[in-house]
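Thank you all for coming; please have a look at the structure on the screen, and I will then take you through a few parts of it.

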Amino acid sequence: MNIYVPKAYYDKKSIDGYTLKTAPIFMPNSVGGYCPGKTENPSESKAILTALRHGFIVASPAIRGRTLKNRNKNNHGKAPACIVDYKAAVGFLHKFADILPGDDNKIITNGTSAGGALSCLIGVTGNHLDYKEHLREIGAAEEDDSIFASSCYCPITNLGNADAAYEWQFDGIYDYCKSRILTPKSDKNINSLLKRTMNEERIKISKEECALFTTYINSLNLKDEDGKPLTLDENENGTFKEYIKSVILSSAQEVLDKGVDLTGKKWLDVCGGKAVAMDFYGYAKDITRMKTASAFDDITMTSTENNLFGDKYNDYAHFTKYSTCHSTANGKTAQKKIIKMLNPMYYIEDEKAESAKYFRIRHGERDRDTSIAISAILSLKLKEIGCNVDYAAPWDIPHSGDYDLDEYDLDELFAWINKIVKEG
Ligand code: DHB
């Protein structure tokens, strides 16, 4: 783990009211694609540089990922290694709080995509016993591993339900393509840029998983902020869909208020400068489908996530009942307790898990790596247990992170962090 301290603190100066001992600790992870995340420095990471400018202490841990092998060529970074390592790093900050710079009661994690999933997961699983055996195994300090706040960009999370959510969002859209924009410069990746069409078998999977999503949503007892139940009917429509539309409409409204012209968006109804309605299918068609069904737990057992759930000796595993039953690879399912340890949804309502007080969750309006329903469900459930959640789907933002910091008038991430640190 790299630890960075603004030099001013060693010159006995303060920054924005913070000192060497009171400065919050910004703790980003650099995990992408559930691959190993290395420690980062301020010249590699805009988030780290910005944090230091704001007077934060920065702790940047290395985290094992799915592709790692040890000396014996055994897998060394399969689930739950990524979350165990992040927790071990937090435990270290708590353990040595007396001699390290920064306020360990104000740890704020940050990550994007798989890293966003980890940031959120560590935020909801503070001190849960499930992880203790794994922490002991790597020689981590037996310590508090809870955090104050979590910032998550486009979290690839709730993997057990992500397939169904994806098919619900892209229902009826059967062309898919890894990249949305074809750029001549990317010629060498031409295969990954080609548009493909799902075959009958995949369309059948899409339909079945879409129906599973309705069952899942209706099992959650979700409510909006006014306490109104959010559900879906047998045609996959209903108040939950209207809620998702409202998130997208708010996103559109924000840019309309800044004078952006959205007349090109035929799926969006704008009336008197207000985004009043939208066609969900038109929206999904516009952002385009990236993945075939099943999007995460692939029936051929070859996806990023299949690779995450392998074990010491097996590179890949399934992690859903549906794809295990439909496996064309005769694949096995990962252990239930490991699947659980990677999914924040199991811990949100578990009283034995200490949750962070604050969450900031962003899912770009044109993100197509996972369904917007995934981050919406997460945000709603966190709000339900009393967490303070700032959730939005910023307009025209693809699958990415750290886009709303650095330039001073746009520094929304650190504006949020400074606000919650002062409040909490
Ligand atoms: C990431 C993106 C994906 O589409 C995915 O399935 C897993 C991880 C990522 O960018 O981290």
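I will talk about the ligand, then one aspartate, then one helix, and please keep in mind throughout that this is a predicted model.

Let me begin with the ligand and ask which residues are around it. They are Gly-32, Gly-33, Ser-113, Ala-114, Ile-156, Lys-291, Phe-296, Thr-304, Glu-305, Asp-369 and His-399, and this shell divides into three nonpolar, five polar and three charged residues. Looking at single atoms, we find an oxygen atom of the ligand 2.7 Å from a polar side-chain atom of Ser-113, while a polar backbone atom of Ala-114 lies 3.1 Å from an oxygen atom of the ligand. For His-399, an N or O atom of the side chain is 3.5 Å from a ligand oxygen atom. The ligand taken alone exposes 290 Å², of which the protein buries 85%.

Next comes Asp-404, which sits in the loop between strand S11 (388-392) and helix H14 (412-423). Is Asp-404 buried or exposed? Its relative accessible area is 3%, and because buried means under 20%, Asp-404 counts as buried. Leaving aside residues up to four places away in sequence, Asp-404 touches Tyr-153, Arg-360, Arg-362, Leu-410, Asp-411, Glu-412 and Leu-413.

Finally, consider helix H8, residues 239-256, whose 18 residues should span 26 Å at 1.5 Å a residue; the C-alpha atoms at its ends are 25 Å apart, which agrees with that expectation. Of the 18 residues of H8, 13 are buried, so this helix is largely enclosed by the rest of the structure.

Conventions. Residues numbered from 1 in each chain as written. Predicted model: local features only at pLDDT ≥ 70, side-chain atom pairs only at ≥ 80, totals over all residues. Heavy atoms only, no water. Helix = DSSP H or I, 4+ residues; strand = E, 2+ residues; numbered from the N terminus. Expected span 1.5 Å × (residues − 1). Buried < 20%, exposed > 50% of the residue type's maximum accessible area, 1.4 Å probe, protein only. Contact = heavy atoms within 4.5 Å. Near = heavy atom within 4 Å. Polar contact = N/O pair within 3.5 Å; in protein donor to acceptor, adjacent residues only side chain to side chain. Areas by Shrake-Rupley, 256 points an atom, 1.4 Å probe, with all protein chains shown as cover. Nonpolar A, V, L, I, M, F, W, Y, C, P; charged D, E, K, R; others polar.
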